[in-house]
Amino acid sequence: MDNSKIQFRILEETFNPYKEFELWEKVNKNSANSLFIGRVRPFDQYGNDLKKLEIIHNKGMTEKYIKRYLMNISKKQDNLSIFLLHRIGFIYPNEPIILLAISANHRGIANKYLQVILEFTKYSVPFWKKEWTFIGSSWVKKNTDLGFEL
Amino acid sequence: MGIESCNKIKVILFASLEEDMGWKEKILRIDNNVEMKVNSIWDLINCDFPKENFIVAVNDEIVDMDSSINTGDEVAFMPIFTGG
């Protein structure tokens, strides 16, 4: 297994996803690249205007789970490069929460692992979101549905 | 093991559970002669919420509520994850 093909960071400050992707792509020469950028919606789960989103995590466990999962995928799939950035802290509407990029030899593999890893970050890693509006705050109770079966 | 002291475990709460319970961490003394399970710890902290709604990790590994607990373990109770 080649550890250099897995890169992930948990960030406390905002980032430019396009610059990050550009830098990463320069060293990843596979022909098929899939990219997902998740941003903060301007409204909360009840439809109120959102002031900011707060993300907290279980430090240590989060990193351990992500690393182990990505390494397992890398063992199963040859020629796969994975790049994952995930924010914690306060994030404002339209700022990026997550950048996930997958590089593979074929589009099917790149798209497949983009979706699989994204769902993993939503359901299997100890992150929690709290939405702050101009009148108060509330914890996000569940993830939005994917809309189809994986 | 998460903590070094004998006969003690650390309990950590996260997110909404931390706010609802009003505390983040507690050190609990346990009886080494009695088999302790995660369920027992949940009862010890007097949490009235349905435990089925929470995820538990012992020493950063997700386990079932009927898993055993040993001296020095760190037990984390967590609401469902909402990242990504």
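Setting aside residues up to four places away in sequence, A:S34 touches A:L100, A:A101, A:I102, A:A110, A:N111 and A:L114. This is a predicted model, and A:S34 makes a handy place to start looking around chain A. The residue sits in strand β2, which runs over residues 32–39 of chain A. With a relative accessibility of just 7%, A:S34 falls under the 20% cut-off and so counts as buried. Its side chain isn't left without a polar partner: a polar contact of 2.6 Å links it to the side chain of A:N111, a residue that is also on the contact list of A:S34.

Two of the residues touched by A:S34, namely A:L100 and A:I102, lead straight into the largest nonpolar core. That core has 27 residues, and A:I82, A:L100, A:I102 and A:I117 have the most contacts inside it. Two or more residues apiece come from β3 (50–57), α2 (61–76), β4 (81–87), β6 (96–104) and α3 (107–123) of chain A. Helix α3(A) gives the most, with 6 residues. As for A:I102, leaving out residues up to four places away in sequence, its contacts take in A:W24, A:A32, A:N33, A:S34, A:L80, A:S81, A:I82, A:A110, A:Y113, A:L114 and A:I117. Apart from this core lies another one, of 21 residues, and its members include B:L13, B:W23, B:I41 and B:W42.

Back on helix α3 of chain A, there is also A:V116. Its relative accessibility is 24%, between the 20% and 50% cut-offs, so A:V116 counts as partly exposed. Some 43 residues away along the chain is A:I73, and the C-alpha atoms of A:V116 and A:I73 are separated by 10.0 Å.

Over in the loop between β2 and β3 of chain A is A:F43. This residue, too, is partly exposed, because its relative accessible area of 41% lies between the 20% and 50% cut-offs. Not counting neighbours within four places in sequence, A:F43 is in contact with A:N48, A:D49, A:L50 and A:E131. A:T133 lies 90 residues from A:F43 in sequence, yet the C-alpha atoms of the pair are 8.3 Å apart in space.

Now for the interface. Chain A brings 26 residues to the contact and chain B brings 17. Together the two chains bury about 1,700 Å², with 54% of that area on carbon and sulfur atoms. On the chain B side, B:F81, B:T82 and B:G84 supply 39% of the area buried against chain A, more than any other three residues.

Polar links run across the interface as well. Between chain B and chain A, 13 residue pairs are in polar contact, counting pairs with both residues at pLDDT 80 or more. There are also 3 salt bridges across the interface. A:K64 forms a salt bridge with B:E61, where the closest N and O atoms are 2.9 Å apart. As for secondary structure, α1 (15–21), β5 (61–63) and β7 (74–79) of chain B each give at least two residues to the side that touches chain A. Sorted by class, that side of chain B has 9 nonpolar, 5 polar and 3 charged residues.

Conventions: Residues numbered from 1 in each chain as written. Chains lettered and ligands numbered in written order. Predicted model: local features only at pLDDT ≥ 70, side-chain atom pairs only at ≥ 80, totals over all residues. Heavy atoms only, no water. Helix = DSSP H or I, 4+ residues; strand = E, 2+ residues; numbered from the N terminus. Buried < 20%, exposed > 50% of the residue type's maximum accessible area, 1.4 Å probe, protein only. Polar contact = N/O pair within 3.5 Å; in protein donor to acceptor, adjacent residues only side chain to side chain. Contact = heavy atoms within 4.5 Å. Buried area = accessible area lost by both parts, 1.4 Å probe. Salt bridge = Lys/Arg side-chain N within 4 Å of Asp/Glu carboxyl O. Nonpolar A, V, L, I, M, F, W, Y, C, P; charged D, E, K, R; others polar. Core = buried A, V, L, I, M, F, W, Y, C linked by side-chain atoms within 4.5 Å.
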